[in-house]
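Welcome, and thanks for opening your viewer. Let's walk through this model together, one selection at a time.

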Amino acid sequence: AASWAPAGPLPTPAEYEQWVRERVGPVVYPAPALPGRGWDELLNLTHEAGARAVKTWLGSHAKGDALETLQTPAYQRMIAEFPVVHLNLSQSFITRGLRDGTLDPATLAEATAEWRDVTRELCRVARDADQVFLLSVGGEINVYMGTQQAYPDFPVAEYVNACHGAVGEALAEMEGPRPQVFTVAELQGHVEFEAFAARWLPEFETDLISLSHYTFYRDARETLRIMKRYLKPIGPFGADRLMMGEFGPTLERCNWNQALHARQHDRELREAYEEGCQFAFYYSLADMPGVIAASGHDGLFGWHADNSPQYRLTWQYYRDIYQGGKARVPEYDLYEVREQRPPSAEADVANLAVESVRVVEGDARAGEALTFSATIRNDGGSASESTAVAFFVDDWMIAWAPVAALAPGERVTIGSTDEDRQFVWRGVEGDHRLRATVDTQRKLSDGVMEDNSLQIWFNVSPAEESAAGGAAGESGISGE
């Protein structure tokens, strides 16, 4: 009998809200050891919002791990209950087969066999021809392989295309109705992103190419357009083989401003839709102290006495759309009160303070790249630990720079571009608030918390004006 196959790519919904309802969902990142943060609770919460799509990870330290995990109740529940399921199949064992830029054939064979097994299991359990599974190669592959920071000699395209081919082989075996299974190669918009994209995207044969975006290196639209520049129009989606694998502002980026967080989601998601992304997944169901301490990601619920998700404005944004309504984007600001390390009562403890903050490059005009600097001093009685200073424009985190340990009484001036020229902000006409905050996550013992931030106002002139408009100066306003 002839193998069954879908007729072609999924038709893209004509309206934004319908696209969100059908193609956009949360990344579910459980912490079973924490009460109320296990698989069932998070999947129930996803259903309560009304999401039809969901994403999670499928880790594998050795051949067979992924299939064994996929057969556990939580994963079987996802397969049974959600029309769209995105799985990051992350095979950590693949790098053990790397020798002088070559992949050991036996290791690659184990990897591709696992991809076939996972595909067969998905088709065995799910027989609905309308259900969609997205299988991503190793998560954000540019972070974990093929860059100067991680395995620079890794043959990325060989691995990606072998996994894609294994899925095709498994699908070709199927007879009768089966779900639609698409392969994905996902990149993160980090510092080596564009060089990696130029090197490898033209060689990838996966059905979809995905952007993981929760960074301030570039905005989402610019990053997606860079990817389009290098894509081959192949496979079932042709030239429209883009998707957003993860997005969502970090805790530091939105400075705990719930309303700004919701506006950021709306902006980046609309940009993804307008750029033709097929799917999108927001990294937001991970709001728990342990995850935040480790990665800084913000989320939809938690930080309230009863942990009720309806208090979260981002939750309301998605729930409104999922329930058939229009997106409501808050125009106001709403700051949350977060748990912070209390000030130390010890007399000789370090105390970091932001002494001054300024716009470095004098002519502040619309469209031009602006950089910033801050002077940090240690007013305490002992040496401070190393940390970082973050720069915010109107509550958006737009740059950061490391701060080395300071002796008592020592001060240092840190520029936002000392380490990397990409940490800049392109001017937008009008008045703006610039704030520098040292030790944003409050991880250090500090004598006084109130002096960890300092804020000034500055003005950006229209692009056509002369440099005479300039910045508004350095008149300081106390940090929040």
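Before the first stop, one cut-off will help: two helices count as roughly parallel when the angle between them is under 35 degrees. Please also keep in mind that this is a predicted model.

**Stop 1: two helices side by side**

Select helix α8, residues 193-200, together with α9, residues 220-230. The two pack at an angle of about 20°, and their axes are 8 Å apart. That angle falls under the 35 degree cut-off, and therefore α8 and α9 are roughly parallel to each other. The crossing of α8 past α9 is right-handed.

Now show the side chains. From α8, bring up Phe 193, Glu 194, Ala 197 and Ala 198; they meet Thr 223, Ile 226, Met 227, Arg 229 and Tyr 230 in α9.

**Stop 2: the loop after α9**

Follow the chain out of α9 into the loop that leads to β9, residues 242-247, and select Arg 241. Is Arg 241 buried or exposed? Its relative accessible area is 0%, so Arg 241 is buried.

Which residues surround it there? Leaving aside neighbours within four places in sequence, Arg 241 is in contact with the run Phe 204, Glu 205, Thr 206, Asp 207, Leu 208 and Ile 209, and also with Leu 231, Lys 232 and Ile 234. Try a distance label between the C-alpha atoms of Arg 241 and Ile 209: they are 32 residues apart along the chain, and 6.0 Å separates them.

**Stop 3: a second pair of helices**

Move on to helix α2, residues 39-49, and helix α4, residues 73-81. Here the packing angle is about 15°, with the axes 10 Å apart, which means that α2 is roughly parallel to α4. As α2 passes α4, the crossing is right-handed.

To see where they touch, colour Trp 39, Asp 40, Leu 43, Asn 44 and His 47 in α2. Their partners in α4 are Ala 74, Tyr 75, Arg 77, Met 78 and Glu 81.

**Stop 4: the loop after α5**

Next, select Ala 126, in the loop between α5 (105-125) and β6 (132-140). With a relative accessible area of 5%, Ala 126 is buried. Beyond residues up to four places away in sequence, Ala 126 touches Ile 79, Gln 131, Phe 133, Arg 178 and Pro 179. Pro 177 is 51 residues from Ala 126 in sequence, yet their C-alpha atoms are 9.2 Å apart in space.

**Stop 5: the nonpolar cores**

In soluble globular proteins, nonpolar side chains tend to be buried together. In this model, the largest nonpolar core has 81 residues. Select Trp 19, Ile 141, Tyr 159 and Phe 204, which have the most contacts inside that core. Its largest share, eight residues, comes from helix α7, residues 156-173.

Zoom in on Trp 19. Not counting residues up to four places away in sequence, Trp 19 touches Pro 13, Val 24, Leu 269, Ala 272, Tyr 273, Cys 277, Gln 278, Phe 279 and Ala 280. Apart from the largest core lies another, of 28 residues; among them are Leu 352, Ala 364, Trp 396 and Phe 458.

**Stop 6: two unusual neighbours**

Most residues other than glycine have a negative phi. Go to the loop between β14 (387-393) and β15 (396-403) and select Asp 394. Asp 394 has a positive phi of about 50°. Now add Asp 395, in the loop between β14 and β15; its phi is positive too, near 80°.

Which of these is buried, and which is partly exposed? Asp 394 has a relative accessible area of 23%, so it counts as partly exposed, whereas Asp 395 has 1% and is buried.

**Stop 7: cysteines, then the whole chain**

Select Cys 123 and Cys 163. Cys 123 has 0% relative accessibility and so counts as buried, and Cys 163, at 0%, counts as buried as well. How many disulfides are there in the model? The count comes to zero.

Finally, zoom out. The chain has 13 helices and 20 strands, and buried residues make up 56% of its 480 residues. Among contacts with a separation of 6 or more, 74% join residues 24 or more positions apart.

How values were computed:
Residues are numbered from 1 along each chain as its sequence is written. This is a predicted model: local features need pLDDT of at least 70, side-chain atom pairs count only at pLDDT 80 or more; totals for chains, interfaces and linings use all residues. Side-chain values use heavy atoms; hydrogens and water are left out. A nonpolar core is a set of buried Ala, Val, Leu, Ile, Met, Phe, Trp, Tyr and Cys residues joined through side-chain atoms within 4.5 Å. Buried means under 20% relative accessible area, exposed over 50%, partly exposed in between (1.4 Å probe, protein chains only). Helices (H or I, at least four residues) and strands (E, at least two) are DSSP runs, numbered from the N terminus. Contact means heavy atoms within 4.5 Å. A disulfide is a pair of cysteine sulfur atoms within 2.5 Å. Axes are lines fitted to C-alpha atoms, for helices over the stretch in contact, and angles run from 0 to 180 degrees between N-to-C directions. Angles under 35 degrees count as roughly parallel, over 145 as roughly antiparallel, 65 to 115 as roughly perpendicular and the rest as oblique. A crossing is left-handed if the near helix is turned anticlockwise from the far one by less than a right angle, and right-handed if clockwise.
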